[in-house]
Amino acid sequence: MHLNKDVEGIRKPNYEIDSIFVNRWSARAMSGEEMSNDELMPLFEAARWAPSASNAQEWRFVFAKRNTSNWKKFFGLLADGNKVWAKNASVLVVVVSRKTMEYKEKPAPTHSFDTGAAWMSLALEGTKRNYVIHAMAGFDYEKAGKVIGLSEKYAVEAMVAIGKKGKKENLPEALLEKEKPSIRKELEEIAFEGKMNKN
Ligand SMILES: Cc1cc2nc3c(=O)[nH]c(=O)nc-3n(C[C@H](O)[C@H](O)[C@H](O)COP(=O)(O)O)c2cc1C
């Protein structure tokens with residue numbers, strides 16, 4: 001395992017796994033630089049190959065790049081606590097899922113599950129490319145649907161800030177303290193043979 005310096009010593013996996021899973025974390029320090037399509041599109045390409053029930057591919061990514069008129073609309077959706085740091089992102093994404101199959105509009109009960117897999121693929125590819133990838137639920141979901149012109153067939157799942165790494169010293173003090181990888185529950189708390197424990 002080749003853990004990055006920022007996670008080493010904090011995150012301690014019990015088993016030998018690919019380092020990408022441990023190296024990914026939701027940093028907030030970004031540089032405020034723009035991102036080209038050549039830099040951005042590979043992240044959606046990674047998401048594209050996620051698995052989904054009946055290969056329905058319910059995920060959609062609606063994005064706004066900084067220094068564009070779309071950016072202002074997307075940025076305005078964020079909760080104040082997220083605006084503080086997401087202002088330095090290169091791209092803001094509204095992650096959307098299609099609630100029904102395109103074939104006969106049958107319900108797609110795993111639309112969120114499948115879209116979750118796709119977002120994680122995006123996050124891991126972004127981590128590999130040394131970008132900050134940070135999901136957010138702190139935004140106005142209803143307004144987001146209006147801003148991107150969403151139809152009834154779709155659900156807003158989350159937003160994601162994508163950016164180039166920046167100096168953490170530039171974060172406000174309260175966020176500076178939080179600018180480190182988080183730890184996890186023990187394996188015994190999440191994986192069970194046969195039966196769940198009571199908690
Ligand atoms: C769906 C989702 C919504 C989140 N919403 C926010 C948010 O609004 N603001 C924020 O700062 N972090 C947000 N996060 C980041 C989580 O707090 C973070 O993923 C979690 O603490 C685990 O840390 P790690 O991603 O650094 O491993 C969100 C993450 C996910 C997956």
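**View 1. Glu125 and Lys128 sit about one helical turn apart in helix 5.** The two residues are three positions apart in helix 5 (residues 111-128), so about one helical turn separates them. Helices here are DSSP runs of H or I with at least four residues, strands are runs of E with at least two, and both are numbered from the N terminus. This is a predicted model: local features need pLDDT of at least 70, side-chain atom pairs count only at pLDDT 80 or more, and totals for chains, interfaces and linings use all residues. Residues are numbered from 1 along each chain as its sequence is written, and side-chain values use heavy atoms, with hydrogens and water left out.

Glu125 forms a salt bridge with Lys128, with the closest N and O atoms 3.6 Å apart. A salt bridge is a side-chain nitrogen of Lys or Arg within 4 Å of a carboxyl oxygen of Asp or Glu. Glu125 is buried, at 16% relative accessible area, whereas Lys128 is exposed, at 60%. Buried means under 20% relative accessible area, exposed means over 50%, and partly exposed lies in between (1.4 Å probe, protein chains only).

**View 2. Arg129 also pairs with Glu125.** The closest N and O atoms of this salt bridge are 2.7 Å apart. Arg129 is partly exposed, at 37% relative accessibility.

**View 3. Helix 6 holds the pair Glu142 and Lys146.** These residues are four apart in helix 6 (residues 141-147), so they too are separated by about one helical turn. Their salt bridge has its closest N and O atoms 3.6 Å apart. Glu142 is exposed at 61% relative accessibility, and Lys146 is exposed at 62%.

**View 4. Arg98, Glu105 and Lys153 are linked in a network of salt bridges.** The structure holds eight salt bridges. Side chains of opposite charge can pair when their charged atoms come close.

**View 5. The ligand is surrounded by 14 residues.** The closest are Arg11, Ser26, Arg28, Ala137 and Arg184. A residue counts here if one of its heavy atoms lies within 4 Å of the ligand. Strand 3 gives the most to this shell, with three residues. By class, the shell has five nonpolar, five polar and four charged residues.

**View 6. Ligand oxygen atoms meet Ser26, Gly138 and Ser182.** One ligand oxygen is 2.5 Å from an N or O atom in the side chain of Ser26. For Gly138, a polar backbone atom is 2.9 Å from a ligand oxygen. For Ser182, a side-chain N or O atom is 3.0 Å from a ligand oxygen.

Conventions:
A polar contact is a pair of N or O atoms within 3.5 Å; within protein, one must be able to donate a hydrogen and the other to accept it, and residues adjacent in sequence count only if both atoms are side-chain atoms. Ala, Val, Leu, Ile, Met, Phe, Trp, Tyr, Cys and Pro count as nonpolar, Asp, Glu, Lys and Arg as charged, and the others, Gly among them, as polar.
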